[in-house]
Amino acid sequence: MCQKLCPAGAIDLLTFSIDGGLCIGCFHCVAVCRTNSVTHQSLPPVEAVAAFPRRYELKNLILQRRSVRHYKARQPDTALLKSFISDLRYSPTATNAQSLCFSLVTSPEVIQQVNDLTIQTFQKALKPLGNKWLAPLLKVLIGKAAYGRLNRYRLKFTELKNPRMVVYNAPAILAVHAPKDKNSLAAMDAAIWLGQAVLYAPSLGLGSCINGFVVKAAKRNRAIGALLAVPANHELHAVLLVGFPANSFVNLVERKDPQIAVVD
C-alpha cells in the first residue's frame, strides 16, 4: 500500500528503502500503514485517525458558512488564534512545500492603519476612471463591463459610507505570505488554506471574512505589507479577518446552480 500510494515513487520494496532525494515528505506511507512499519525521525509518534464526519455534517457546515463583517468588541485570545493557525497546518500544499507563513495582527492602531492605507491606495489607483477625458478610452481598452465594475469600486472608495469598510471592526487580521519564488504555487496553497480556515473557524466560535482588498492594495503599496509584518522577501497571498461574530445567521440562503460540463 505504501509503495502504491507514494506520489513520488520513492519507495523500493526490493531493498525496503525510501529514496530521500525523491521523497517529498507527505508521509502517505506512514498514514496508510496498519503495522507502523514506516518511521521517520522528524515525525512524532503515530496516532490513529478519527472517523470522518458524515456527509450531512460536512454539508451543513458548508451551507451555514457566512462571511462575517460585524464582530464583538471582545478580543480573541492570542493562544486561541495561534491554535487556529496551528491546526490548519494540515491544509494541503503543492508538492508538500508547506511554505506558508503567517502574521497575526491584533493591534487596533495597526489594523486601522491597514484599513486607511488600503482605502488611500485604491482611491489613487482608481482615480483615472473618474476622468471624463480618459473614461471613453478606458472603456475601449478594458471593455465597458470591466470599466463599469471598476468604476463602481472607485465610487465605493471615494464616497465612503463606512470609513472602516476594509477591515470593518475586526479585532484581528491573519496575513498569509510565503517566500517569493516564480516557480512557487504558494498562492494556490494560500487559497486552499483560506477555504479550510473559513470552515474551521466556527468550530472555535470564530467568524471570518476573506479580504482581497488588502492583498491587492499591498501589491501597490509596500507599507501595507510592512504593517502586516510581511518580510521584504515574502509575498502576501491572503488576508483573513477574524473575531467573535456579533450576529448569528439563522436561515440558509440559496445560491445559483454551478455550470457543469461533463466529459465522459
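Start by selecting residues 172-179 and 234-243 in this predicted model. These are strands β4 and β6, which run antiparallel and are joined by 8 bridges. To see one of these pairings, pick A175 in β4 and look across to β6, where its bridge partner is V239.

**The rest of the sheet**

Next, add the other strands. The sheet is open and has 4 strands in the order β3-β4-β6-β5, with antiparallel pairing. Its edges are β3, at 101-105, and β5, at 207-210, each of which pairs on one side only. From one strand to the next, the twist averages 25°. In general, the strands of a sheet pair through backbone hydrogen bonds, either parallel or antiparallel.

**The helix across the sheet**

Select residues 78-87, which form helix α4. Which strands does α4 lie across? They are β3, β4 and β6, and the helix runs at about 160° to β3.

**H234**

Return to β6 and select H234, which has its place in that strand. Is H234 buried or exposed? With a relative accessible area of 14%, H234 is buried, because the cut-off for buried is under 20%. Now display its surroundings: leaving aside residues up to four places away in sequence, H234 touches C101, H177, A178, P179 and K180. For K180, turn on a distance label between C-alpha atoms. The C-alpha atoms of H234 and K180 are separated by 5.0 Å, although the two residues are 54 residues apart along the chain.

**T93**

Move on to the loop between α4 and β3, where T93 is found. T93 counts as buried because its relative accessibility, 18%, is under 20%. What does T93 touch, not counting residues up to four places away in sequence? Show Q98 and D189, the residues that T93 touches on that count.

**The cavity**

For the last stop, leave the sheet and turn to empty space. Rolling a probe the size of a water molecule over the atoms shows where such space is left. The structure holds 1 cavity of 30 Å³ or more. The volume of the largest cavity is about 90 Å³. To centre the view there, select C6, C23, C26, F27 and C29, which lie nearest the cavity centre among the 13 residues of the lining. Colour the lining by class: 11 of its residues are nonpolar and 2 are polar, with no charged residues.

Key
Residues numbered from 1 in each chain as written. Predicted model: local features only at pLDDT ≥ 70, side-chain atom pairs only at ≥ 80, totals over all residues. Heavy atoms only, no water. Pairing = 2+ DSSP bridges. Helix = DSSP H or I, 4+ residues; strand = E, 2+ residues; numbered from the N terminus. Axes fitted to C-alpha atoms, helices over the stretch in contact; angles between N-to-C directions. Contact = heavy atoms within 4.5 Å. 1 Å grid on protein atoms, 1.4 Å probe; cavity = no way out; pocket = protein on both sides within 12 Å on 5 of 7 lines; lining within 4 Å. Points joined across faces, edges and corners; volume = space filled by probe spheres on them. Nonpolar A, V, L, I, M, F, W, Y, C, P; charged D, E, K, R; others polar. Buried < 20%, exposed > 50% of the residue type's maximum accessible area, 1.4 Å probe, protein only.
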